[in-house]
Amino acid sequence: MSARTRIVCPLTALALLASVLPGRAEAQWVTTAEQMYLQAPHNWVFRDRYPAADRLFNAFDYGHAILYELLWTRPDAPASLLETIEYDHLTTRVLKRPPRLPLEERAIAVRYAQLAPEALLMFEWAHLLHRQIYDVLADARLSPEARDAEVARLLAYYRSRPDLAFSARPKSMALMQEQPYSLAFRTRYPKFNGLIWGYHWMQVGLYEPLVVYGTAVERSAGVLATVDRFWLMLSDPPRTMPHVMPMTAAVAPTFAARYPEAAIVFDNLHSMHDVISDILANPAVPRERKRAEILRAARLYRDDSSYVMPVAAWRTMATEMGIENMGGPAVNIPPTLPTPTVTYGAVMTHDDSTGKMTGFKHGSAVGGAHSGHH
Amino acid sequence: MPFASHRVVSDTRLRASRSLAPLLVALALSPSIAGAQTDYYNTDAGRPLAVEDALPLELRALELQLAPVRFTRFRGATELGFEPELALGILPRTQVEVGIPITVATSSSADAHGSSAVGLTVAALHALNVETSLPAFAVGGSIAVLGGESRIAQASVKAIATRTMPGVRVHVNAAFSVRTSTNGSDEEEVTFGDELSRWLAGVAIDRTFPLSSLLIGAELTAREPLGADRGTQWSTAAGARYQLGPRSSLDGGVGVHLTGPERGWFVTAGAAVQLYRAWRPDR
C-alpha cells in the first residue's frame with residue numbers, strides 16, 4: 001500500500017462529499033430533531049382493529065406530500081397536473097390501494113422537505129399525535145377514564161417539543177385565509193383542495209364514532225360509515241366535497257368536548273396545511289420568500305399569542321361556519337350529503353371574541369342559515 | 001457497527017460462541033419484544049451496505065438488530081459473522097449502539113482448525129444537521145474490542161454525507177481507524193468485515209419506493225484492511241431494505257471483494273425490531 005494510495009482514496013471520498021454541496025449562498029443549517037412516538041401498550045391498536053381506515057391515513061400522507069412537492073417543484077405546470085393527473089392517480093390508485101404502512105414523506109416530498117424541514121417535522125409530530133389518539137380510543141382494554149389519562153399523557157408528550165408542537169390555543173381563521181397569499185390554492189386547484197378538506201374531515205371525523213359508541217360492533221360500524229362518507233365526498237368533486245375547512249368542534253363535537261386541547265391542535269394543524277398550500281401556490285410570494293413565509297406561519301401556529309381566540313368563540317365559530325359546509329357530521333350520518341349553504345371555498349369573517357359570524361370576505365351564501373349574511 | 005471480525009484459532013472460543021448463539025437466537029425470538037419500528041429509510045452500516053446514510057435513530061427510539069448475519073467466502077475459506085446490536089436514540093440527532101460481534105470461520109487448509117472470536121463494540125452517530133439545500137452531515141465514532149489469542153482494540157471515526165434527489169439518495173462515507181493489539185502485530189489476523197480497516201471510503205446510491213416501504217441500493221467501497229501491507233481492497237455490493245411492519249424491517253445484500261487478499265464474495269441478511277416500551281418518561 002503506497003502512501004499515495006492511502007491518502008488519495010479517503011480524499012476522493014471527501015471530494016465526492018464536497019461535490020454534493022450546493023453552491024447557493026442561502027443554504028440553511030437546520031438542526032431540528034426527530035423524536036419517537038410515545039411508547040405505550042396501545043401503540044398500533046387502531047391499525048390492528050381498523051386496517052382499512054388506517055391504510056387510508058397512509059394514503060392521505062402521500063397526498064399531502066406529493067401536493068407540496070409538485071407545488072414547489074412545478075410552479076409553472078398547468079393546473080391539470082394536480083387537478084387531473086395527480087388527483088386521478090390519488091383517487092383511482094393510491095386511495096384504492098393504500099399503502100400498508102405510514103410513509104416516509106421525505107422520500108416523496110424530497111425538495112419540499114429540503115425547503116422547510118422544520119414545517120415537515122411539525123406535521124409529522126402532529127400526525128403522530130393524531131395516530132396515537134386513534135390508538136387510545138380504539139383500545140377496548142382501556143376504560144373511559146384510562147383513555148382520558150392516556151390522551152392527557154399523549155398531549156403532554158406532544159407539548160414536550162415546543163419547537164414542533166402546534167399551539168393548543170384556538171387560532172382565528174384569519175390566520176389561515178386572510179393573509180396576503182391566502183386562497184391561491186383553493187382558487188386554482190378546487191378539486192385537490194376539496195380532497196385535502198375531505199382528508200381532514202375524515203381525520204377528525206373518525207374520532208367521533210370511537211368516542212360516541214360503546215361497543216365494538218357499534219364502533220366498527222361507525223368507523224365504516226365514516227369511511228364510506230369520505231368516499232361519497234369524492235363522487236362529484238368539488239361539488240360533493242367540503243366547501244370550507246372542516247372544524248373538529250363541528251365534525252366531531254363529542255370528541256372536541258372531551259378533548260378540546262387535541263381538537264384545537266388538529267384544527268391548527270389542518271389550517272397550517274392550507275396555509276402552506278397557499279404560500280407554495282401563490283406566485284405573488286417569490287420563490288426566495290417561500291421558506292421565510294412558511295417558517296413565519298409555523299411560528300404563528302406554534303405560539304400561544306398570535307391570532308388566538310377564546311375556546312368558546314372557537315366552538316361558536318365552528319358552528320357558525322356550518323356543519324353542512326364541512327361535509328356533514330361523522331356519526332348519525334344522513335344517507336345523502338348535506339347541501340352547502342355557502343359557495344365553494346367561501347371565507348366567512350367572525351368576531352374573534354365571540355366567534356359569531358360577521359360576513360363574507362370571499363364567496364357568498366347560497367341559502368340556509370347563511371342567507372342573511374353578505 | 002457491523003461485523004468487526006477477528007479470526008484466531010481457538011477451540012475454546014468456538015465452543016463459547018456455539019453456546020452463546022442459541023441464547024442470542026432465543027433473545028431474538030423473545031415474545032417480550034414487540035415488533036420494531038426500524039425505518040427502512042434509515043440505513044445502517046452493514047444493513048445491507050457498508051456505506052450508511054446520515055440519519056441517526058430518532059430520539060428515544062430503541063432498536064434491536066436481531067440477526068445481522070454476514071457470510072463470506074474467499075479462497076475456499078468461509079466466515080460467518082453475526083453481530084446482535086442494541087441502538088438507542090439517546091439525544092437529539094444522536095444514537096449510541098452496543099454490539100457483540102461473533103465470528104465463526106473455517107479454514108481452507110485441511111490441517112487447520114475452525115476458529116471464532118467474540119468482541120464488543122460501542123459506537124455513536126451524531127447528525128450535524130437536517131438536509132436542506134445542504135446535504136445532511138453526520139459524524140460517528142466507535143470502539144471495538146475483539147477477543148482471540150490476541151486482543152485487538154480499535155477506535156474509529158467516521159464522516160457521513162447524504163444528499164437526496166428525487167428518486168435517489170447518494171451517501172458518502174469516510175472512516176479512519178487506529179488500533180492496538182496485545183501481540184503487537186497484525187500478521188496473524190485475518191479480518192473480513194468492513195470495520196477493521198485502517199481507513200474506508202465509499203459511495204452508495206439508493207432508490208426508495210415509498211409506497212412499498214422498500215429501498216434498494218448499491219455501493220462501491222475502498223478500504224485498507226488491517227494486516228501488513230494488504231493493499232487497497234475494492235468492493236462492490238447491492239442490497240435491499242424492506243419495512244415489514246411498523247416496528248420491524250428486513251434487509252439483505254450481496255457483494256464482491258474485487259481486489260485484495262480476501263478476494264471473494266459475501267452475502268448479508270438482517271432484521272431489526274423496535275423494542276416495546278423503550279421509555280416511559282412521565283410515569
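Start by selecting B:Arg60, in the loop between α1 and β1 of chain B. You're looking at a predicted model, so treat every stop on this tour as part of a prediction. Check the backbone here: phi of B:Arg60 is near 75°, a positive value in a residue other than glycine. Why flag that? Most residues other than glycine have a negative phi. Is B:Arg60 buried or exposed? Its C-beta has 20 others within 10 Å, so B:Arg60 counts as buried.

Stay in that loop and pick B:Pro48, which also sits between α1 (11-28) and β1 (62-65) of chain B. Now show the bond leading into it: the peptide bond from B:Arg47 to B:Pro48 is cis, with omega near -5°. Most peptide bonds are trans.

**Elsewhere in chain B**

Next, click on B:Pro84, in the loop between β3 (77-82) and β4 (85-91) of chain B. B:Pro84 is buried, because 21 other C-beta atoms lie within 10 Å. Add B:Thr121 to your selection and draw a distance between the two C-alpha atoms: 10 Å in space, for residues 37 apart in sequence.

Now zoom out to see the whole of chain B. How many helices and strands are there in chain B? You should find 1 helix and 15 strands. Of its 283 residues, 54% count as buried. Take the contacts in chain B with a separation of 6 or more: 65% of them come from residues 24 or more positions apart.

**Over to chain A: helix α6**

Switch to chain A and select residues 117-138, which make up helix α6. Try a quick ruler check. At 1.5 Å a residue, the 22 residues of α6(A) should span 32 Å, and the end C-alpha atoms are 31 Å apart, so the two agree. Turn on the surroundings too: 17 of those 22 residues are buried, so α6(A) is largely enclosed by the rest of the structure.

Zoom in on A:Glu118, which lies in α6 of chain A. It counts as buried because it has 21 C-beta neighbours inside 10 Å. Which residues does A:Glu118 touch, leaving aside its neighbours within four places in sequence? Highlight A:Val30, A:Thr32, A:Leu295 and A:Ala298. A:Thr32 is 86 residues away along the chain, yet its C-alpha atom is separated from that of A:Glu118 by 6.5 Å.

**Helix against helix**

Two packed helices are described by the angle between their axes and the distance between the axes. Keep both in mind for the next two pairs.

For the opening pair, show α6(A) with helix α15 (residues 260-281) of chain A; they pack at an angle of about 145°, with axes 11 Å apart. The crossing of α6(A) and α15(A) is left-handed. Display the side chains where they meet: A:Ala119, A:Ala126, A:Leu129, A:His130 and A:Ile133 from α6(A), against A:Ala262, A:Val265, A:Phe266, A:Leu269 and A:Ile276 from α15(A). Colour this contact by class and you get 9 nonpolar residues, 1 polar and no charged ones.

Now swap α15 for helix α16 (residues 287-302) of chain A. Here the angle with α6(A) is about 35°, and the axes are 9 Å apart. This crossing is left-handed. A:Glu118, A:Ala119 and A:Met122 of α6(A) make the contact with A:Ile294, A:Leu295 and A:Ala298 of α16(A). By class, that gives 5 nonpolar, no polar and 1 charged.

**Around helix α16**

Hide α6 for a moment and look at α16(A) by itself. Its buried residues are A:Lys290, A:Arg291, A:Glu293, A:Ile294, A:Ala297, A:Ala298 and A:Tyr301. They cover an arc of only 170° around the axis, which puts them on the same side of α16(A). Spin the helix to its other side, where A:Glu288 and A:Arg299 are exposed. Bring the neighbours back: the buried residues pack against α5 (110-115), α6 and α15 of chain A.

**Two last loops in chain A**

Select A:Pro238, in the loop between α12 (216-233) and α13 (248-251) of chain A. The peptide bond from A:Pro237 to A:Pro238 is cis, with omega near -5°.

Finish at A:Asn332, in the loop between α17 (311-321) and β1 (347-350) of chain A. Phi of A:Asn332 is positive, about 50°, although this residue is not a glycine. Buried or exposed? A:Asn332 is exposed, with 11 other C-beta atoms within 10 Å.

Conventions: Residues are numbered from 1 along each chain as its sequence is written. Chains are lettered from A and ligands numbered from 1 in the order in which they are written. This is a predicted model: local features need pLDDT of at least 70, side-chain atom pairs count only at pLDDT 80 or more; totals for chains, interfaces and linings use all residues. Axes are lines fitted to C-alpha atoms, for helices over the stretch in contact, and angles run from 0 to 180 degrees between N-to-C directions. Helices (H or I, at least four residues) and strands (E, at least two) are DSSP runs, numbered from the N terminus. A crossing is left-handed if the near helix is turned anticlockwise from the far one by less than a right angle, and right-handed if clockwise. Two residues are in contact if their C-beta atoms, placed from the backbone, lie within 7 Å. Ala, Val, Leu, Ile, Met, Phe, Trp, Tyr, Cys and Pro count as nonpolar, Asp, Glu, Lys and Arg as charged, and the others, Gly among them, as polar. A residue is buried if 20 or more other C-beta atoms lie within 10 Å of its own, exposed if 12 or fewer, and partly exposed in between; C-beta atoms are placed from the backbone. The arc is that of the directions from the helix axis to the C-beta atoms. The expected span of a helix is 1.5 Å times one less than its number of residues.
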